[in-house]
Amino acid sequence: NLCKALANEGMENPFPIQAATLPEAIGGRDVLGKGQTGSGKTLAFGLTVLTRLAFQKADSGSPLALILAPTRELAAQVEESLRGYAKYTNLRTTVIFGGMNMDPQTAALRRGVEVLVATPGRLLDHLGQRTVALPQAEILVLDEADRMLDMGFLPDIQRIINALPAKRQNLMFSAT
């Protein structure tokens, strides 16, 4: 189904970052990918997440994959991109970030989402209020990992990692 969706978008051949990372990532290995902006990194980790979780269902408030992004703009962009492909697998996605009312975010989490895209600060808010739990998150993606570290998110990321299961797949992607 995902291949058909990609073909409908005119994507017949993978970008280099996708060709280099998808086989290992879909196979469950941890991956560190580096590629310039516009190189296809989002689909590299996104297709991994959607393929590995295809046809699974998450419990209320307990996503199966967590994608962290440093800014609300990037988080929204990532979730929008993945949502279009997720419909071919029946996976549900949502995005949470600061500066917005938490009630709609909480309602989406309660309905259940398999793929959660979040900024670290807002995710910690939800963890603190117990509107989300991460014991079933089998995939962690750090998008623009270096930028998050440059922005001082290391303590937040460490707190989030402590809420995740020890056995999980880790995907880190960055432009530098």
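This report walks through the overall fold, two helix pairs and one loop proline of a predicted model.

## Overall fold

Let's start with the whole chain. Its secondary structure amounts to eight helices and six strands. Following the sequence from its start, these elements come in the order α-α-β-α-β-α-β-α-β-α-β-α-α-β.

The chain has a radius of gyration of 15 Å, which agrees with the value near 16 Å that a compact globule of 176 residues would have. Along the principal axes, the C-alpha atoms occupy a box of roughly 45 × 35 × 30 Å. Buried residues make up 51% of the 176 in the chain. If you take the contacts with a sequence separation of 6 or more, 74% of them join residues 24 or more positions apart.

## Helices α3 and α4

Next comes a helix pair from the earlier part of the sequence. Helix α3 covers residues 41-53 and helix α4 covers residues 72-86; their axes lie 10 Å apart and make an angle of about 45°. That angle falls outside the 65 to 115 range for roughly perpendicular and is not under 35 degrees, so α3 and α4 count as oblique to each other. The crossing of α3 past α4 is right-handed.

On the α3 side, the contact is formed by Thr-42, Leu-43, Phe-45, Gly-46 and Leu-50, and these meet Val-78, Ser-81, Leu-82, Tyr-85 and Ala-86 of α4. By type, the residues of this contact comprise seven nonpolar, three polar and no charged.

## Helices α5 and α6

A second pair makes a nice companion to the one above. Helix α5 (residues 102-111) and helix α6 (residues 120-129) have axes that come within 12 Å and cross at roughly 70°. The two helices are therefore roughly perpendicular to each other. Here too, the handedness can be stated: α5 passes α6 in a right-handed crossing.

Met-102, Gln-105, Thr-106 and Leu-109 are the α5 residues in this contact, and their counterparts in α6 are Arg-122, Asp-125, His-126 and Gln-129. Sorted by type, the contact of α5 with α6 holds two nonpolar, four polar and two charged residues.

## A proline in the loop after α6

Pro-135 sits in the loop that links α6 to β5 (139-143). Its relative accessible area is 55%, so Pro-135 counts as exposed.

Exposed as Pro-135 is, it still touches Ser-62, Ala-163 and Pro-165, leaving aside residues up to four places away in sequence. One of these partners, Ala-163, is 28 residues from Pro-135 along the chain, and the C-alpha atoms of the two are separated by 7.0 Å.

Terms used
Residues are numbered from 1 along each chain as its sequence is written. This is a predicted model: local features need pLDDT of at least 70, side-chain atom pairs count only at pLDDT 80 or more; totals for chains, interfaces and linings use all residues. Side-chain values use heavy atoms; hydrogens and water are left out. Axes are lines fitted to C-alpha atoms, for helices over the stretch in contact, and angles run from 0 to 180 degrees between N-to-C directions. Helices (H or I, at least four residues) and strands (E, at least two) are DSSP runs, numbered from the N terminus. Angles under 35 degrees count as roughly parallel, over 145 as roughly antiparallel, 65 to 115 as roughly perpendicular and the rest as oblique. A crossing is left-handed if the near helix is turned anticlockwise from the far one by less than a right angle, and right-handed if clockwise. Contact means heavy atoms within 4.5 Å. Ala, Val, Leu, Ile, Met, Phe, Trp, Tyr, Cys and Pro count as nonpolar, Asp, Glu, Lys and Arg as charged, and the others, Gly among them, as polar. The radius of gyration is taken over C-alpha atoms; the globule rule is 2.2 Å times the number of residues to the power 0.38. Buried means under 20% relative accessible area, exposed over 50%, partly exposed in between (1.4 Å probe, protein chains only).
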